[in-house]
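Here are some notes for a colleague opening this structure for the first time. Please read them with the model on screen.

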Amino acid sequence: MEDAFDAHLDADGVSFDGSDARLLATIAETGSVSGAAESLGRSRARCLARLRELEDALGPLVERRRGGSDGGGSELTAAARDVLGRFDRLQATLSGTADVPETVLSGIVTHVEGELCSVETDAGTIRAVATESVRTVEKAVTVSVRADAVTLHDPSDTPDESATSARNRLSGTVEGVKRGDAVATVSVSVGLSTPLRAFVTVESVRRLSLEPGTSVVASWKATATRATSTAVEPQ
């Protein structure tokens with residue numbers, strides 16, 4: 001391929017990548033930010049600054065303990081373990097040499113129906129599969145959407161909702177196209193601080209005339225979307 005696709009999670013203007021995953025994993029291994037910084041050959045100040053950026057977008061990731069019988073230290077929160085799990089799944093689902101990016105949105109559960117829930121986000125309402133712990137109205141959640149689950153349509157040729165199981169759909173405008181030999185990642189502005197990513201074939205790029213400024217409708221199934229809690233339980 002002409003370009004490599006790096007695995008990353010996008011949330012609120014921050015892209016979580018392999019370097020960030022190594023930072024969190026090393027904090028878990030060493031029990032402290034200082035230990036992780038030394039192990040990775042990074043400055044402690046740089047690691048702390050990056051953690052602040054990530055936590056502003058993803059919520060608390062590291063719980064810092066002071067003193068005590070074990071001398072204090074740091075450990076990962078449930079939110080951090082969830083982020084690492086999602087990142088690992090991205091790396092485990094490579095297509096050829098391409099990683100599949102994932103977009104993460106924040107929202108509030110407004111309706112629950114069995115294993116599915118409706119989540120109100122800044123981009124609109126999204127239906128997703130929810131774990132039992134988040135099947136509660138007014139629950140704060142994050143919704144993850146894999147790029148290879150998203151289909152792009154010309155607005156004038158979008159299937160009627162009754163004719164497809166892909167009930168999630170957002171209207172947007174193409175921000176950019178990262179093209180390889182056979183596949184491309186299309187970034188679509190849907191009213192969020194970060195774009196929605198769609199993983200499509202180069203043939204689809206040509207057929208839909210995808211380029212910056214092109215209007216599209218993005219659709220995907222509820223079963224391809226996961227809602228997880230953003231809350232961190234107190235220690």
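1. Start at S187, which sits in strand β11. This is a predicted model, so treat each point below as a reading of a prediction. Is S187 buried or exposed? S187 is buried, because its relative accessible area is 14% and the cut-off for buried is under 20%.

2. Look at what surrounds S187. Setting aside neighbours within four places in sequence, S187 is in contact with T173, V174, E175 and G176. P195, L196 and R197 are also contacts of S187. One of these residues is a bridge partner too: G176 pairs with S187 of β11.

3. Now follow the strand pairs. β10 and β11 form a hairpin, with 3 residues between them. Their pairing is antiparallel and runs over 6 bridges. β10 also pairs with β13, again in the antiparallel sense and over 6 bridges. In that pair, T173 has S215 of β13 as its bridge partner. T173 is also among the contacts of S187.

4. Which order do the strands of this open sheet take? The order is β9-β13-β10-β11-β12, 5 strands with antiparallel pairing. β9 (151-153) and β12 stand at the edges. Each has a single partner strand, so one side of each lacks a neighbour in the sheet. From one strand to the next, the twist averages 45 degrees. As general background, strands of a sheet pair through backbone hydrogen bonds, either parallel or antiparallel.

5. Turn to the largest nonpolar core, which has 30 residues. Which members touch the most others? They are V143, V150, L152, L210 and W220. Many strands feed this core: β5 (102-113), β6 (116-121), β7 (124-130) and β8 (140-146) each supply at least two residues. So do β10 (168-179), β11 (183-189), β12 (196-201) and β13 (215-220).

6. V143 deserves a closer look. Leaving aside neighbours within four places in sequence, V143 is in contact with T103, V104, L105, V119, I126 and A128. T225, R226 and A227 complete the list of V143 contacts. Apart from this core lies another, of 26 residues. Its members include A21, L48, L58 and V83.

7. Helix α3 covers residues 44-58, which makes 15 residues. The helix reaches 20 Å from its first C-alpha to its last, close to the 21 Å expected at 1.5 Å a residue. Its buried residues are C47, L48, L51, L54, E55, A57 and L58. Of general relevance here: an α-helix has 3.6 residues a turn, so residues three or four places apart point the same way. After α3 comes G59, with a positive phi near 95 degrees.

8. Check the cysteines as well. C47 counts as buried, because its relative accessibility is 1%. C117 is likewise buried, with a relative accessible area of 1%. How many disulfides does a search of the whole structure find? The search finds 0.

9. Last, take A25 in helix α1 (residues 18-30). A25 counts as partly exposed, because its relative accessibility is 30%. Where does A25 stand relative to A80? The two are 55 residues apart along the chain, and their C-alpha atoms are separated by 9.4 Å.

Methods
Residues are numbered from 1 along each chain as its sequence is written. This is a predicted model: local features need pLDDT of at least 70, side-chain atom pairs count only at pLDDT 80 or more; totals for chains, interfaces and linings use all residues. Side-chain values use heavy atoms; hydrogens and water are left out. Helices (H or I, at least four residues) and strands (E, at least two) are DSSP runs, numbered from the N terminus. The expected span of a helix is 1.5 Å times one less than its number of residues. Buried means under 20% relative accessible area, exposed over 50%, partly exposed in between (1.4 Å probe, protein chains only). A nonpolar core is a set of buried Ala, Val, Leu, Ile, Met, Phe, Trp, Tyr and Cys residues joined through side-chain atoms within 4.5 Å. Contact means heavy atoms within 4.5 Å. A disulfide is a pair of cysteine sulfur atoms within 2.5 Å. Two strands pair if DSSP finds at least two bridges between them. Axes are lines fitted to C-alpha atoms, for helices over the stretch in contact, and angles run from 0 to 180 degrees between N-to-C directions.
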